[in-house]
Amino acid sequence: MLQASLADGTAHRRSVFELFARRLPDGRRYGVVAGVNRLLDALERFRFDEQAIAFLHDRAVVDQATCDWLASYRFSGDISGYADGEIFFPGSPVLVVESSFAEAVLLETVFLSILNHDSAVASAASRMTWWAGGRPCIEMGSRRTHEEAAVAAALAAYIAGFATTSNLEAARRFGIPSAGTAAHSFTLLHDSERDAFVSQVDALGKGTTLLIDTFDLTEAVKTAIDITGPELGAVRLDSGDLPSLAGQVREQLDALGATKTRIIVTSDLDEFQIAALAPAAVDGYGVGTSLVTGSGYPTCGFVYKLVAREDASGELTPVAKKSPDKISIGGRKYALRRRSDAGVAELELIGVGQPPVDDGDDRELLKPLVEGGKIIGRTTPAESQAHHLKVRDELPRSASQLSRGEPAIPTEYSGDLVAHNPFAPRIIR
């Protein structure tokens, strides 16, 4: 596309691309944006060095004129988008890229790969932390995904409310809190469970977390408190009927005077199991496989589409495909979250070609991320997490439901371009 448009002169036409999801995964009431800061980092590094140019030339992927253009590639346009931690719905213009066609079209794959992955993890993580009800969640999924995806997943989970990660590389890169527990192999290494517990406590102190279900649970709890006294930080359960076992362990700990010792549960947890554990004597959750795979939906289905381009007179004109089941709405988008007098989200209001009218309590969703090629929209992980928890509280309570249903709020389009387009839907539910 780049080579052909450079040759015919259309590569330099001013264009608007948008990244959005046509629908949410089945059963999801909302999605969570994550990966925006990683996307900005990737954009800053997006270059074609001599080695890359040589590869493209030697393989005849593109011609010499295109190689020359790529050698000096620098994105010089504008990008606005939803912030890390923001909620999105079908049709939400999560990212709006305005530049020449040539500059913007090259970014499609890198932008989609980052946001589709990170937002899928964050969307699952948000449901988990919502149902955890204030009990901390530990991200423990590094062994269940690609090594770099594990780092990105840890950050996405933190944005959506996870308290800590067991991935130390994520902690090093992003400054998010880290935590972890011992594995069964550490207990099996020693001649007895007591020896393993003594070794761990000697090395890490009484505030550590002891894994208590390698052998006999009752004996393990008795041994642990015999070694540490009531100051033991936590115990971990990793198998069995977690609700009943947690209750059993809680009673035993309390009887031994360890009333402040916490109970952490793991074992292939997802948001449904966390919800089922809500009434149990559990103080925290370690979540792995389900989290880093998006709890059954490892992608958000984001697409990146050209919605407007410069015409012969120099004006932006809307463009859109009309394929069945994949209809896009042409025209640059603007987005507001309409809220009730009580501050509860009611509507995702999207203006096409012009900003929608703010009724006085609406919240603007698109934030400046890049202006004239300069990155201006970075946020810290802590800021992103705080933003997510705040905007999630705006949602109606039905948004937390785990049963199948419609998005928590509908998406409505406004503007003259919609009014005169018979193919454009007015409302998405």
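# Reading strands, rings and cysteines

Mentor: V370 stands opposite I375 in β18. That is one place to start reading this model, which is predicted.

Trainee: Which strand pairs with β18, and over how many bridges?

Mentor: Strand β17, residues 367–371, pairs with β18 over 2 bridges, in the antiparallel sense.

Trainee: What is the order of the strands in the open sheet?

Mentor: The sheet has 7 strands, in the order β13-β12-β1-β5-β3-β17-β18, with antiparallel pairing. Its edge strands are β13 (316–318) and β18 (374–375), each of which pairs on one side only.

Trainee: How should I read the side chains along a strand?

Mentor: Start with the general idea. In a regular strand the side chains alternate between the two faces of the sheet. Now take a strand from this sheet. β5 covers residues 95–100, and 5 of its 6 residues are buried, so the strand is mostly covered.

Trainee: Which strands does β5 pair with?

Mentor: On the one hand, β1 and β5 run antiparallel and are joined by 6 bridges. R14 stands opposite S100 in β5. On the other hand, β3 and β5 are antiparallel too, with 4 bridges. There S80 stands opposite V96 in β5.

Trainee: Which helices lie across these strands?

Mentor: Look at two. Helix α2 lies across β3, β5, β17 and β18, and runs at about 10 degrees to β17. Helix α6, residues 108–132, lies across β1, β3, β5 and β12. The direction of α6 is at about 140 degrees to β12, which spans residues 302–310.

Trainee: Next, the rings. How many aromatic pairs does the structure hold?

Mentor: It holds 9. To read a pair, take the distance between the ring centres and the angle between the planes. For F17 and F101 the centres are 5.9 Å apart and the planes are at 40 degrees, so this pair is tilted.

Trainee: Where do F17 and F101 lie?

Mentor: F17 is in strand β1, residues 14–21, and F101 is in helix α5, residues 101–105. The pair therefore ties together parts that are 84 residues apart in sequence.

Trainee: Are F17 and F101 buried or exposed?

Mentor: The cut-off for buried is under 20% relative accessible area. F17 is at 5%, so F17 is buried. F101 is at 16%, so F101 counts as buried as well.

Trainee: Which pair is edge-to-face?

Mentor: One such pair is F48 with Y73, at 6.2 Å centre to centre and 85 degrees between the planes. F48 lies in the loop between α2 (36–45) and α3, and Y73 in the loop between α4 and β3 (78–81), so the pair ties together parts that are 25 residues apart in sequence. F48 has 19% relative accessibility and counts as buried. Y73, at 2%, is buried too.

Trainee: Which residues form one aromatic cluster?

Mentor: F17, F101, F111 and Y304 do. The F17 and F101 pair we have just read is therefore part of a cluster.

Trainee: What lies over the face of Y334?

Mentor: R332 does, at 4.2 Å from the ring centre.

Trainee: Now the cysteines. How many disulfides are there?

Mentor: The general idea comes before the count. A disulfide is a covalent bond between the sulfur atoms of two cysteines. This structure holds 0 disulfides. For C137, the nearest cysteine sulfur is that of C300, 19 Å away. The cut-off is 2.5 Å, so C137 is in no disulfide.

Trainee: Are C67 and C137 buried or exposed?

Mentor: C67 has a relative accessible area of 1% and is buried. C137 is also at 1% and counts as buried.

Trainee: Last, the backbone. Which residues other than glycine have a positive phi?

Mentor: Among them are A60 and S267. For A60, phi is about 55 degrees. For S267, phi is near 100 degrees.

Trainee: Where are A60 and S267?

Mentor: A60 lies in the loop between α3 (50–58) and α4 (64–71). S267 lies in the loop between β10 (262–265) and α13 (271–276).

Trainee: How exposed are A60 and S267?

Mentor: A60 has 60% relative accessibility, so A60 counts as exposed. S267, at 29%, counts as partly exposed.

Methods
Residues are numbered from 1 along each chain as its sequence is written. This is a predicted model: local features need pLDDT of at least 70, side-chain atom pairs count only at pLDDT 80 or more; totals for chains, interfaces and linings use all residues. Side-chain values use heavy atoms; hydrogens and water are left out. Buried means under 20% relative accessible area, exposed over 50%, partly exposed in between (1.4 Å probe, protein chains only). Rings of Phe, Tyr and Trp (its six-membered ring) pair if their centres lie within 6.5 Å; planes under 30 degrees apart count as stacked, over 60 as edge-to-face and the rest as tilted. A charge sits over a ring if NZ of Lys or CZ of Arg is within 6 Å of the ring centre and within 35 degrees of the ring normal. Two strands pair if DSSP finds at least two bridges between them. Contact means heavy atoms within 4.5 Å. Axes are lines fitted to C-alpha atoms, for helices over the stretch in contact, and angles run from 0 to 180 degrees between N-to-C directions.
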